[in-house]
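Biologist: Could you walk me through reading a helix and a pocket in a model like this one?

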Amino acid sequence: MGKPTGFLEYSRKDNKASEPLERIKNFNEFHTPASSKERKEQAARCMNCGVPFCQSGMVLNGMVSGCPLNNLVPEWNDLLYLGNMEKALQLLMQTNNFPEFTSRVCPALCEAACTCGMGGSPVTCKANEMAIIEYGYENGLMKADPPKVRTGKRVAVVGSGPAGLAAADQLNRRGHLVTVYERNDHIGGLLMYGIPNMKLEKWVINRKQEIMEKEGIKFIVNADVGKNVKAQDLINGYDCVILACGASEPRDIKAAGRDAEGIYFAVDFLSRSTKYVISGKSDGFINTKGKNVVVIGGGDTGNDCVGTVVRQGAKSVVQVEMMPKLPDSRTENNPWPEWPRICKTDYGQEEAIAVYGKDPRIYQATVKEFIKDKSGKLKKVKLIKLEPKKNGKTGRMDMSEIAGSEFEIPADYVLIAAGFLGTQQYIAKAFDIKLDARSNVLTGKGSYKTTTDKVFTAGDMHRGQSLVVWGIEEGRCVAKEADKYLMGYTNL
């Protein structure tokens, strides 16, 4: 805990964000860190709550409550309040390999389960975490610490997203020789190209990569295993292989006119935009300046698309969401400490409101038709309204079309942010691994071992599309199982 009466004396204060009309002028991170005094006051709000749900990572009513990494949140909040930053950093790094990532992009499951939030505002755990890890970098505490003893075992990790990086980090600490294969030209997976620069500036990834390389991890980029690198070569050349390739198969929208020019998957749009931002190279860049843009999907990726096209100077942006608008506050059937199923206006939507004067979201609607002009270019999208109806067979509420409710909106570009279906088929075929009914890699319950000898899996291709914090947890877990496979026991 922090100060015993801190939650009574201090109100929650988030890191200040730049005003929307100011921050859309660039693609930089836009929150200003609080002063050391203010940060200590925020840490002081952490109370002696008895049961710290913030670090539980429990499933309640089908949703995770608290941090899946079981971060020692009350402990390092207390140390932050007391000013013992070095010890706070040690405790933070015990459970989280990459606080520099999670403190920027995680939706803060810890805060949603904070006891202070039961009747007021939760502790600023996410901002406190960033203060601790950035203190470590600023004061030379985050430096390479290579293992003193090597086992001689060689491990290949395919994919350098959160799961792959966490697995590589853990196994390298154990003393194994780890090589990470990444198909893009930079490591990081969706951290690098799927998450826009204003949420995670890419020097943050490069900074951590430099440390990991000094610790002995080898990174090979432009290596697309299953295409320009043979899977069998990895199986033959390493003692084990870990697949952390993500759930990279995007969900499509099968509507009439889908072949119109101007329709892109969100991940392609975001990756091309980020490549342009960090390199200035316009190859493949999708420029929405002065265009009408429709984003299909109401999640974080859809919001990132909104924030990106606003910065590019789009003429208009509409975000289409199938589901009804969530309530603005918790309902009786969604009590604390469950994940709050409430409507959130995120940074991209805030910026769209500031620029265009209204919320970009249209709820309970889906695409009926993509309308092309004579040259095959997209010019409009026909939408149809939806209503929830109970399915007589499953008992679940399905979203059904409302007859006669079609309407059209102008669209020069459509960005499909409808989620991902699972593992890409060429990876599964290359390693001869079986997939389950959801296109995730098949493993035994509680295991990360695939149906192919020596091959393990973790991250989104194992559990399905999820959060960065879950990727890190999966990477830590697969490292433990792979280590036991290699050594006969594990101390990870």
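**Helix α14 and a pocket**

Modeller: Sure, and keep in mind that this is a predicted model. Start with the buried residues of α14: G302, N303, D304, C305, V306, G307, T308, V309, V310, R311 and Q312.

Biologist: How many of the 13 residues of α14 are buried?

Modeller: Eleven, so α14 counts as mostly covered, where buried means under 20% relative accessible area.

Biologist: What covers the buried residues of α14?

Modeller: The cover includes the helices α2 (20-23), α13 (266-279) and α15 (347-356), along with the strands β11 (292-296), β12 (316-320) and β18 (413-416).

Biologist: And why should α14 span 18 Å?

Modeller: Because each residue counts for 1.5 Å, and α14 runs over 13 residues, 300-312. Its end C-alpha atoms are 18 Å apart, which agrees. Right after α14 comes G313, with a positive phi near 95 degrees.

Biologist: On to pockets. How do I find empty space?

Modeller: Roll a probe the size of a water molecule over the atoms, and you see where empty space is left. Here, the second largest pocket has a volume of about 510 Å³.

Biologist: Which residues lie nearest the centre of the second largest pocket?

Modeller: M93, M142, D145, R173 and E215, out of 17 lining residues. By class, that lining has seven nonpolar, seven charged and three polar residues.

Biologist: Which helix supplies the largest share of the lining?

Modeller: That's α5, with five residues. At least two residues each come from α5 (85-95), α9 (162-174) and α11 (203-214).

Note on methods:
Residues numbered from 1 in each chain as written. Predicted model: local features only at pLDDT ≥ 70, side-chain atom pairs only at ≥ 80, totals over all residues. Heavy atoms only, no water. 1 Å grid on protein atoms, 1.4 Å probe; cavity = no way out; pocket = protein on both sides within 12 Å on 5 of 7 lines; lining within 4 Å. Points joined across faces, edges and corners; volume = space filled by probe spheres on them. Helix = DSSP H or I, 4+ residues; strand = E, 2+ residues; numbered from the N terminus. Nonpolar A, V, L, I, M, F, W, Y, C, P; charged D, E, K, R; others polar. Expected span 1.5 Å × (residues − 1). Buried < 20%, exposed > 50% of the residue type's maximum accessible area, 1.4 Å probe, protein only. Contact = heavy atoms within 4.5 Å.
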